[in-house]
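User: Hi, could you walk me through this model? I'd like to start with pockets and then ask about charged pairs.

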Amino acid sequence: MAKPTLISFKLCPYVQRSVINLLEKKVDYEIKYIDLANKPDWFLKISPFGRVPVLVVGEEVLFESAVINEYLDETNLPTLHPKDPLVKAKHRAWAEFASALLVDQYLWTMSKDEVESNKKRDEILSKFKILEPVLPEPKGGKLFFAGDSMHLVDTAYAPFFMRLDFLKSKGTEFDLVSGFPKIQIWSDTLLSLPSVKNSVLPEVPKEYIEFIKAHNSWLGGKL
C-alpha cells in the first residue's frame, strides 16, 4: 500500500483525530500543511469541500475525517473499532457527539459578546451532563470510552479535550471539566498518551490562543 499523505491545517482538530489514529497504529505517513486562509489551487482541486483533512493514497483521495479514520482503521492494525456491529455503531454515534462538542467549542471561543459566549459554554456543559453517565467507571485511575483500552471513539474526543486544556492554562475560569469526575479522568487519560501529545506541533498551544484573540471574540479578550 502506498504511503498515505495527510493534508493538514495545524490548528484543525479533525486532522488531529487522524494523526492520533496514525500514531496509534504506527503507520508510516507524510503530512503536508496548508493555510486555510490561502488555500492552494492544487488543494481545491482535490478537496470537494475545501476542508481538511484530506488523505492522499497513491492516486486516490479521501476527504472527511470520519471516513479517513474508518479507512485507516480497516487497513492498519491494531483495529480501534469494536468487532460487534451494534457496539461499533454506538461508538460511531458517540463520535458524532464529539463533533457536536467541537462545534460548540469553536462557537464558544468565537462568540463576539458575553451573552452568546456564555450560551455556548452552557451548551457544552449540558452535553457533559449527558456524556458523564454514559462513561464507565475508571480503572487504575484511567478511563477510556470502552473501559480498558483506546478506541477510535476516543480519538474523536482527544482534540476537544486538548483545546480545553489550552484554555485552562490561561485561567481556571476556563476549566469546564472539573465538575464532571469521569470526564475529567477521561481527559487526563487521553492527554497523557504519547499518540495524543505528539499529534500536534509544539507551537500549536500558543497559536490556538492567538487564533482566538485574532478574531476579536469576547473570550479572546479574556485570554
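Analyst: Before the pocket itself, a word on the term: a pocket is an open set of grid points with protein on both sides within 12 Å along at least five of seven lines, and a volume is the space filled by probe spheres set on the points. Please keep in mind that this is a predicted model.

User: Okay, so how much space lies in the largest pocket?

Analyst: The largest pocket holds about 870 Å³ of space.

User: And which residues lie nearest its centre?

Analyst: Of the 35 residues that line the largest pocket, those nearest its centre are Cys 12, Pro 13, Tyr 14, Val 52 and Leu 102.

User: Which helix gives the most to that lining?

Analyst: Helix 4 gives the most, with 11 residues, while the helices that each supply at least two residues of the lining include helix 1, helix 3, helix 6 and helix 9. Sorted by class, the lining has 20 nonpolar, eight polar and seven charged residues.

User: Switching to charges now, how many salt bridges does the structure hold?

Analyst: There are 14 salt bridges in the structure. As background, side chains of opposite charge can pair when their charged atoms come close.

User: Which residue forms a salt bridge with Lys 10?

Analyst: Lys 10 pairs with Glu 207, and their closest N and O atoms are 3.2 Å apart. This pair links distant parts of the chain, since Lys 10 sits in the loop between strand 1 and helix 1 whereas Glu 207 belongs to helix 9, 197 residues apart.

User: Are those two buried or exposed, or in between?

Analyst: Lys 10 counts as partly exposed at 27% relative accessibility, and Glu 207 is also partly exposed, with a relative accessible area of 26%.

User: What about Arg 92, which side chain does it meet?

Analyst: The side chain of Arg 92 meets that of Glu 70 in a salt bridge of 2.9 Å, N to O. Arg 92 lies in helix 4 and Glu 70 in helix 3, so this salt bridge ties together parts that are 22 residues apart in sequence.

User: Is Glu 70 buried or exposed?

Analyst: Glu 70 has a relative accessible area of 17%, so Glu 70 is buried, because buried means under 20%. Arg 92, at 38% relative accessibility, counts as partly exposed.

User: Last one: which residues are linked in a network of salt bridges?

Analyst: A network of salt bridges links Lys 3, Asp 28 and Glu 30.

Technical notes: Residues numbered from 1 in each chain as written. Predicted model: local features only at pLDDT ≥ 70, side-chain atom pairs only at ≥ 80, totals over all residues. Heavy atoms only, no water. Salt bridge = Lys/Arg side-chain N within 4 Å of Asp/Glu carboxyl O. Helix = DSSP H or I, 4+ residues; strand = E, 2+ residues; numbered from the N terminus. Buried < 20%, exposed > 50% of the residue type's maximum accessible area, 1.4 Å probe, protein only. 1 Å grid on protein atoms, 1.4 Å probe; cavity = no way out; pocket = protein on both sides within 12 Å on 5 of 7 lines; lining within 4 Å. Nonpolar A, V, L, I, M, F, W, Y, C, P; charged D, E, K, R; others polar.
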